[in-house]
Amino acid sequence: MNSKSVGIITIVLSICANLLWILGVIDENFLMFIASIILAVIGLLIIFKNYNEAEEFFTNIRGKKIEDERSLKIKEKAAIASQGSFLAILIYLVIGFVTLRSLNPVFLNSAYLLIAIIILQIVLLIIAKIFYKKKYGN
Amino acid sequence: MKNKLKVYRAMNNLTQEKLAIDLNITRQSVIAIEKNRYDPSLSLAFKIAKYFNTTIEDIFEED
């Protein structure tokens, strides 16, 4: 198999496996869950058997570099921007849910859950900052 | 920051693809540098200057 075939088959199997997994969880269907695991295992076997072709497809293709300092910078900026936006949206949702708490007790419970997620995200951000500060010097 | 990367590339009859491969960066990065939309890191700027056998100041200048 050439690298393109291996790459495409792997991507398709991965998408199908993930979709079956999600549908299995939503539908509480154990057969879908088993089918997703089987597809994932098949995908892994294909990659294992055609490792060099898979690596060629997913990393450098015929000498073309996929990632460099600029693309890493773009990823970093996009991650920071999306994290900040996500935090802001969560905070607004918490404020909204707390405001609507008298309508339905579900809103207050949802607000508590969102507050826990916000705290977790802030803790992860602090840990990541400390890690990279140590890695790249203070 | 302005640069003369396109000029130096043309002087040496290089395509963007060839320059990207030789510098070990993406073609999109070469395009972004030439259009002054991306300022390369110091190490990459040194690499570019060394590649064209000139100094950083000859290729890059402040706005």
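This is a short dialogue on the chain A and chain B contact, the nonpolar cores and one buried glutamine in a predicted model.

Trainee: Why is A:Gln121 called buried?

Mentor: Its relative accessible area is 12%. Buried means under 20%. So A:Gln121 counts as buried.

Trainee: Where is A:Gln121 found, and what does A:Gln121 touch?

Mentor: A:Gln121 is found in helix H5 of chain A, residues 105–135. Leaving out residues up to four places away in sequence, A:Gln121 touches A:Gln83, A:Phe86, A:Leu87 and A:Leu90.

Trainee: What makes a set of residues the largest nonpolar core?

Mentor: The members must be buried nonpolar residues joined through side-chain atoms within 4.5 Å. The largest such set has 19 residues. Those with the most contacts inside the core are B:Leu5, B:Leu19, B:Ile33, B:Ile48, B:Phe52, B:Ile59 and B:Phe60.

Trainee: Which elements give two or more residues to this core?

Mentor: In chain B, they are helices H1 (5–11), H2 (16–23), H3 (27–34), H4 (42–51) and H5 (56–59). H4(B) gives the most, with 4 residues.

Trainee: What does B:Leu5 touch, not counting residues up to four places away in sequence?

Mentor: B:Leu5 touches B:Leu19, B:Val30, B:Ile33, B:Glu34, B:Ile48, B:Phe52 and B:Ile59.

Trainee: Which residues does the second, separate core include?

Mentor: That core has 7 residues, among them A:Leu87, A:Leu90, A:Ala111 and A:Leu114. A:Leu87 and A:Leu90 also touch A:Gln121.

Trainee: What is the pattern of chain B along the sequence?

Mentor: β-α-α-α-α-α-β. That comes to 5 helices and 2 strands. Of the 63 residues in chain B, 43% are buried. Among contacts in chain B with a separation of 6 or more, 59% join residues 24 or more positions apart.

Trainee: How many residues does each chain bring to the contact?

Mentor: Chain A brings 9 residues and chain B brings 12. The area buried between the two chains is about 850 Å². Carbon and sulfur atoms give 49% of that area.

Trainee: What classes make up the side of chain A that touches chain B?

Mentor: There are 7 charged residues, 1 polar and 1 nonpolar.

Trainee: How many salt bridges does the rule find across this interface?

Mentor: The rule finds 0. A salt bridge needs a side-chain nitrogen of Lys or Arg within 4 Å of a carboxyl oxygen of Asp or Glu. Therefore no pair across the interface of chain A and chain B is called a salt bridge.

Trainee: How many residue pairs are in polar contact there?

Mentor: The rule finds 4, both residues at pLDDT 80 or more.

Methods: Residues numbered from 1 in each chain as written. Chains lettered and ligands numbered in written order. Predicted model: local features only at pLDDT ≥ 70, side-chain atom pairs only at ≥ 80, totals over all residues. Heavy atoms only, no water. Contact = heavy atoms within 4.5 Å. Buried area = accessible area lost by both parts, 1.4 Å probe. Polar contact = N/O pair within 3.5 Å; in protein donor to acceptor, adjacent residues only side chain to side chain. Nonpolar A, V, L, I, M, F, W, Y, C, P; charged D, E, K, R; others polar. Buried < 20%, exposed > 50% of the residue type's maximum accessible area, 1.4 Å probe, protein only.
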